[in-house]
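This briefing describes how one protein model is put together. Please look at the structure below before reading the points that follow.

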Amino acid sequence: MTLNSKIINEMKQRVFEANLLLPDLELVKLTWGNVSEINRELGVIVIKPSGVDYNEMTADQMVVTDLEGNVLEKESLIPSSDLPTHVVLYRDMPEISAVVHTHSTNSVIWAQAGRDLPAYGTTHADTFYGNVPCTRQLTDEEVKEAYEENTGNVIIETLKKRNISPNEIPAVLVYGHGPFTWGDTPKKAVENSLILDEVCIMAMEAERVNSHISTIPQYLLDKHYFRKHGIGAYYGQL
């Protein structure tokens, strides 16, 4: 490939390394997950190949597509079956640069229950500025027509209907399916997946201990979110 091969190879390496983090962090079993990255200036997406074992996968096997999901390299493997979902998310969320999908156990429990993830504590508030939404269930027609694309569409529909900023809540639960997260780098998007799964189990256990639990007060949500995000952030080494 002659199109800025250095940049493409760097993207492949980042996407490869981020995909390897998924089993390392126990966010996937078998091949149940994928990470992608977009470069809008070049007009390309790099994503994990479909069904390739993480132990056998190499950086050069990452698949390069255009922004519509058309494969650009002649001797490419087949891209992840979830690519059409990633394409929709990149199309409708121009502020994001990487997407992660997993079937991590704790997040899937909430997705299968069809429930939003409430913001019960400060661990949640450090990353997600409010409840993490769960989408509606896809219809039979949507599944038959274009399942993966409509998965992306229902995510965007949910964020728009609830007036949710993708930067403030970089995650969603797809009803009956599982989590999608995003970020400004593949590594950050994976980090958001890990945090989501951890706060999912914290919320489950908190409800078990106290069935009358309430969400975190707005002032404490504000404090913990904005001390890490935005103009006045002061957490970490600035």
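Two strands count as paired if DSSP finds at least two bridges between them. In this predicted model, Val-44 has Asp-66 of β3 as its bridge partner. The points below begin with the sheet to which that strand belongs, and then turn to the helices and the largest pocket.

**The sheet**

- Six strands form an open sheet with antiparallel pairing, in the order β3-β2-β1-β4-β6-β5.
- The edge strands, each of which pairs on one side only, are β3 (63-66) and β5 (171-174).
- From one strand to the next, the twist averages 20°.
- Strand β2, which covers residues 44-47, is joined to β3 by 4 bridges in the antiparallel sense.

**Helices on the sheet**

- Helix α1 (residues 5-24) lies across four strands, namely β1 (33-39), β2, β3 and β4 (98-102), and it runs at about 155° to β1.
- Helix α6 also packs on the sheet, where it touches β1, β4, β5 and β6.
- The direction of α6 makes about 140° with that of β6.

**Helices against helices**

- Two packed helices are described by the angle between their axes and the distance between the axes.
- Helix α2 (residues 83-92) and helix α5 (residues 140-161) have axes that come within 7 Å and cross at roughly 35°; the crossing is right-handed.
- On the α2 side, the contact is made by Pro-84, Thr-85, Val-88, Leu-89, Arg-91 and Asp-92. On the α5 side, the residues include Glu-148, Glu-149, Ile-155 and Ile-156.
- The residues of this contact of α2 with α5 divide into 5 nonpolar, 4 polar and 4 charged.
- Helix α3 (residues 105-113) packs against α6 at an angle of about 60°, with the axes 7 Å apart; this crossing is left-handed.
- Thr-105, Asn-106, Ser-107, Ile-109 and Trp-110 of α3 meet residues of α6, among them Leu-196, Cys-200, Ile-201 and Met-204.
- The contact of α3 with α6 has 7 nonpolar, 3 polar and 2 charged residues.

**The largest pocket**

- Rolling a probe the size of a water molecule over the atoms shows where empty space is left.
- The largest pocket holds about 400 Å³ of space.
- The lining of this pocket has 18 residues, and the closest to its centre are Asn-167, Asp-184, Lys-188, Asn-192 and His-229.
- Two elements, β6 (178-183) and α6 (186-209), give two or more residues to the lining of the largest pocket.
- Which element gives the most to the lining of the largest pocket? The answer is α6, with 4 residues.
- By type, the lining residues of the largest pocket divide into 7 nonpolar, 5 polar and 6 charged.
- Helix α6 therefore recurs in this account: besides giving residues to the pocket lining, α6 packs on the sheet and against α3.

Terms used
Residues numbered from 1 in each chain as written. Predicted model: local features only at pLDDT ≥ 70, side-chain atom pairs only at ≥ 80, totals over all residues. Heavy atoms only, no water. 1 Å grid on protein atoms, 1.4 Å probe; cavity = no way out; pocket = protein on both sides within 12 Å on 5 of 7 lines; lining within 4 Å. Points joined across faces, edges and corners; volume = space filled by probe spheres on them. Nonpolar A, V, L, I, M, F, W, Y, C, P; charged D, E, K, R; others polar. Axes fitted to C-alpha atoms, helices over the stretch in contact; angles between N-to-C directions. Contact = heavy atoms within 4.5 Å. Left-handed = near helix turned anticlockwise from the far one by under 90°.
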